[in-house]
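Work through these exercises with the model open beside you. Each task is followed by a stepwise solution.

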Amino acid sequence: MNKMLSILFFVFIAVGCSSAPAPSDGPKPLFMMPTVALALDQVRQYPQYPDQSGLATLVQEKLKGALDKNAVLAMSPTPEALAVAVDMKYRRVFAGEATPFPSSSAGPPVVNYTVVVSRGEATVATIEQKNVTVNRGFVGNLKILFSFYMNGTPKTEAEDVDILADAIARDLAGLSIPQ
């Protein structure tokens, strides 16, 4: 019985290790600098956090960097490059905001967004996500939980925006758009 399990285990390992990666469907699409329309929703305001305009600029910069990191950012306008328009509703949540003891510590945002990809006037793809929040990984989520959301700063918000931008860029890079 043990010999049979050993052989079966070896076969699974050999087959898994010898598998070739899935072939690409062709070249990745290229995207122009994204435009971002952002509506910021928050109960309280603290001067150390970016306002709606500043947050829209931050999202645009992070998304541009994420597209570049995924090698799908067009460095100059070309006929093949696709336009990207992001419409985002960003809910900034502060710890204790609905209590008599509010804090200036922001937790992970809750985001709804629609990404429209177009070629000229024609829409070629749409990505829509609702009630997205940031997953900072197991350890990061534990830090949030055990700090009772009291460790949020403008720096952690920028990191959250970075995570969101990476997710959007990966979704865009994975699109299959015919030339």
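**Exercise 1. The aromatic cluster**

Is Phe94 buried or exposed, and at what relative accessibility?

Solution. Step 1: note the source. This is a predicted model; local features need pLDDT of at least 70, side-chain atom pairs count only at pLDDT 80 or more, and totals for chains, interfaces and linings use all residues. Residues are numbered from 1 along each chain as its sequence is written, and side-chain values use heavy atoms, with hydrogens and water left out.

Step 2: apply the cut-offs. Buried means under 20% relative accessible area, exposed over 50%, and partly exposed in between, with a 1.4 Å probe and protein chains only. Phe94 has 2% relative accessibility, so Phe94 counts as buried.

Step 3: find the ring partners. Rings of Phe, Tyr and Trp (its six-membered ring) pair if their centres lie within 6.5 Å; planes under 30 degrees apart are stacked, over 60 edge-to-face, and the rest tilted. The structure has 2 aromatic pairs. Tyr46 and Phe94 are edge-to-face, at 4.8 Å centre to centre and 70° between the planes. Tyr46 sits in the loop between β1 and α2, and Phe94 in the loop between β2 and β3, so this pair ties together parts 48 residues apart in sequence.

Step 4: take the second pair. Tyr49 and Phe94 are also edge-to-face, with 5.2 Å between centres and 75° between planes. Tyr49 is in the loop between β1 and α2 and Phe94 in the loop between β2 and β3, so parts 45 residues apart in sequence are tied together. Tyr49 and Phe94 are both buried.

Step 5: combine. Ring pairs join Tyr46, Tyr49 and Phe94 into a cluster.

**Exercise 2. Strand β2 and its partners**

Which residues form the covered face of β2, and which the uncovered one?

Solution. Step 1: fix the elements. Helices (H or I, at least four residues) and strands (E, at least two) are DSSP runs, numbered from the N terminus.

Step 2: sort the side chains. In a regular strand they alternate between the two faces of the sheet. On β2, Val84, Val86, Met88 and Tyr90 make the covered face. Ala83, Ala85, Asp87, Lys89 and Arg91 make the uncovered one.

Step 3: pair the strands. Two strands pair if DSSP finds at least two bridges between them. β1 (residues 35-41) runs parallel to β2, joined by 7 bridges. Thr35 stands opposite Ala85 in β2. The chain passes from β1 through helix α2 (residues 52-69) to β2 in a left-handed β-α-β crossover. A right-handed crossover is one where, with the strands pointing away from the viewer, the path from the first strand over the helix to the second runs clockwise.

Step 4: add the other neighbour. β3 (residues 110-119) pairs antiparallel with β2 over 9 bridges. Val84 has Val117 in β3 as its bridge partner.

**Exercise 3. Positive phi angles**

Where is Ala71 found?

Solution. Step 1: place Ala71. Ala71 is in the loop between α2 and β2. Its phi is positive, about 60°, although Ala71 is not a glycine. Ala71 is exposed, with a relative accessible area of 54%.

Step 2: turn to Asn131. Asn131 lies in strand β4 (residues 122-133). Asn131, not a glycine either, has a positive phi of about 55°. With a relative accessible area of 60%, Asn131 is exposed.
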